[in-house]
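Please find below a few numbered remarks for a colleague who has not looked at this structure before. They are meant to be read with the view open alongside.

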Amino acid sequence: RAARACSRASAGEGTPGGVLTPSRVAAGGVARGSGAGAIALPAGVREDGGMLNVIACPGPDLSAAQLHGLLKLRVDVFVVEQECPYPEVDGLDLEPSTTHVWVERDGQVASTLRLLDADGEAGPLVIGRVVTAPDHRGTGLAAELMGWVLERYGRRALELEAQSHLAGWYERFGFVRTGPDFDWDGIAHTPMERRPSVGQGA
């Protein structure tokens with residue numbers, strides 16, 4: 001698969017999201033990062049007239065600074081805040097089939113999620129590592145990132161493993177439970193999926 005440059009797109013901000021920490025698996029965007037072939041993504045305007053810049057980047061194209069920013073937020077929340085010592089760096093972040101999606105505030109990662117597409121069109125797209133920094137919770141950033149995914153990949157089968165107390169939040173995006181809750185490092189998780197939607201996404 002050819003490398004793609006990290007890209008910035010404008011999109012409308014969604015509804016409040018809060019801390020979202022599932023799967024530990026689990027007109028006119030401005031290109032960000034090195035390389036050619038920036039992804040063209042549509043623009044949106046928030047009700048207050050502001051713009052939300054969503055950045056999408058394949059794992060191999062992340063700069064050292066971008067990777068550090070993403071990992072720092074994930075470790076700060078998943079490991080430190082949630083008091084859950086586990087190997088957050090799982091070896092998947094730099095895979096060609098991995099895409100990182102995030103928004104920044106004041107030069108720092110404010111909210112992010114990760115897409116794993118190891119099987120391509122033949123398998124589901126796995127959403128994980130959804131997290132928002134404490135100072136930006138309740139501002140709709142995570143909901144906007146989920147909307148970004150559905151707009152582009154809504155015709156694909158999507159899977160995630162939500163922390164169980166957030167399962168209801170994911171139901172708002174069309175996800176349904178696929179099995180019983182299970183314990184993962186002392187935290188209850190719920191397996192969920194969203195079936196393909198006709199007329200939405202790639």
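1. Trp 102 has Thr 112 as its bridge partner in strand β5, and this should be read with the caution that the model is a predicted one. The pair belongs to the eight bridges that join strand β4, residues 98–105, to β5, with the two strands running antiparallel.

2. The connection between these strands deserves a look as well, since β4 and β5 form a hairpin in which two residues lie between them. One residue of the turn, Asp 106, has a positive phi of about 55°.

3. Strand β5, which spans residues 108–116, also pairs with strand β6, residues 125–132, again in the antiparallel sense, and here the pairing extends over five bridges. Within this pairing, the partner of Ser 111 in β6 is Thr 132.

4. Is β5 mostly covered or mostly open? The strand is mostly covered, given that eight of its nine residues are buried.

5. A separate point concerns Thr 190, which is found in strand β10, covering residues 187–194. Because its relative accessible area is 1%, and buried means under 20%, Thr 190 counts as buried.

6. The surroundings of Thr 190 can be described in some detail: its side chain makes a polar contact with the side chain of Asp 181, at 2.7 Å. Leaving aside residues up to four places away in sequence, Thr 190 touches Asp 181 along with Leu 160, Glu 161, Ala 162, Ser 164, Ala 167, Arg 177 and Phe 182.

Key
Residues are numbered from 1 along each chain as its sequence is written. This is a predicted model: local features need pLDDT of at least 70, side-chain atom pairs count only at pLDDT 80 or more; totals for chains, interfaces and linings use all residues. Side-chain values use heavy atoms; hydrogens and water are left out. Helices (H or I, at least four residues) and strands (E, at least two) are DSSP runs, numbered from the N terminus. Buried means under 20% relative accessible area, exposed over 50%, partly exposed in between (1.4 Å probe, protein chains only). A polar contact is a pair of N or O atoms within 3.5 Å; within protein, one must be able to donate a hydrogen and the other to accept it, and residues adjacent in sequence count only if both atoms are side-chain atoms. Contact means heavy atoms within 4.5 Å. Two strands pair if DSSP finds at least two bridges between them.
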